[in-house]
Amino acid sequence: MSVTHTDLPFDLILFDLDGTLVETAPEIADAVNDTLAELGLGSASLDEVTRWIGHGTRELLVQALAARLGRTVDAVRADTAYFTAAEAVFQRHYEARCGTRSHPYPHVIEALQALRAEGVKLVVVTNKEARYTARVLDAHRMAPLFHRIISGDTLPVKKPNPLAVADSLLRYGVDRSRALLVGDSSIDVATARHAGVAVWCVPYGYNMGEPIEASAPDRVIADFGALRPAVLRTATASAGCA
């Protein structure tokens, strides 16, 4: 399949979800604390939970249990029976919490609508499992804005493996030079580097407590206003005149 080139610098844009498109940390923290309380463990702060976001909910739960049990993450993973039971508790609470205290970041909806109207292919690439991804996107009526949604369990591997990017490039017939990954973390930067595509990051998301500048993305954008077609055209024109 081939895609018609737009007059924008990108024909395919891939987006991280948590901390990039949608502020989800508060409801994730609620689900974590619901789980910890049911297991008889102490609660976690929002800052702690924010630092644990990035590798999918399973790894987030591993981190939370390790912190509250005073054990290593390897020990938590190795205790299969305990973790399986704890994961079932978390799944129940997170499904109930999805979409309850999250919201799209400024200019996200407007930018996505405008990019889609221009013919740009839009893809979500998240490590969050599909059942949670769907609930978050549906809660904010965002799913129809995307041509494809790739969750942490859609493909055999997750970010920072570049398979989701490579598969999307092939599916839409887009050259790497015409693709962009937009994220908020070192995981997104590594994914883009492995895939050979450009990467822009927002500074307000979840990067395990580190400033996104330390991950050296190609650009740090203040918000999704930088992705509006008119802004992209202006930036492209300016670069051409430099």
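## Helix 1, its two partners and two cavities

Select E27, I28, D30, A31, V32, D34, T35 and E38 in helix 1, then A86, V89, F90, R92, H93, Y94 and R97 in helix 5: these are the residues through which the two helices meet. Colour that selection by residue class and it splits into seven nonpolar, two polar and six charged. The model in the viewer is a predicted one.

Next, show the two helices whole, residues 25-38 for helix 1 and residues 80-97 for helix 5. Their axes lie 8 Å apart and the packing angle is about 140°. Angles over 145 degrees would count as roughly antiparallel, and helix 1 and helix 5 are therefore oblique to each other. The crossing of helix 1 past helix 5 is right-handed.

Keep helix 1 on screen and add helix 3, residues 57-69. Here the axes come within 11 Å, at a crossing angle of roughly 50°. That angle makes helix 1 oblique to helix 3. Helix 1 passes helix 3, too, in a right-handed crossing.

For the side chains of this second contact, select I28, V32, T35 and L36 on helix 1, with L60, L61, A64, L65 and R68 on helix 3. The set comprises seven nonpolar residues, one polar and one charged. I28, V32 and T35 of helix 1 belong to this contact and also to the contact with helix 5.

Now turn to the enclosed space. How many cavities of 30 Å³ or more does a search of the whole structure find? There are two.

Start with the largest cavity, which has a volume of about 200 Å³. Select D18, I53, G54, G56 and N127, the closest to its centre of the 19 residues in the lining. Then highlight helix 3 and helix 9 (186-195), the elements that each give two or more residues to that lining. Helix 3 is thus a place to look twice: it packs with helix 1 through residues including L60 and L61, and it contributes to the wall of the largest cavity. By class, the lining residues of the largest cavity are seven nonpolar, six polar and six charged.

Finish at the second largest cavity, with a volume of about 70 Å³. Of its 13 lining residues, select V125, V157, K158, K159 and A164, which lie nearest its centre. The lining of the second largest cavity divides into six nonpolar, five polar and two charged residues.

Key:
Residues numbered from 1 in each chain as written. Predicted model: local features only at pLDDT ≥ 70, side-chain atom pairs only at ≥ 80, totals over all residues. Heavy atoms only, no water. Axes fitted to C-alpha atoms, helices over the stretch in contact; angles between N-to-C directions. Helix = DSSP H or I, 4+ residues; strand = E, 2+ residues; numbered from the N terminus. Parallel < 35°, antiparallel > 145°, perpendicular 65-115°, else oblique. Left-handed = near helix turned anticlockwise from the far one by under 90°. Contact = heavy atoms within 4.5 Å. Nonpolar A, V, L, I, M, F, W, Y, C, P; charged D, E, K, R; others polar. 1 Å grid on protein atoms, 1.4 Å probe; cavity = no way out; pocket = protein on both sides within 12 Å on 5 of 7 lines; lining within 4 Å. Points joined across faces, edges and corners; volume = space filled by probe spheres on them.
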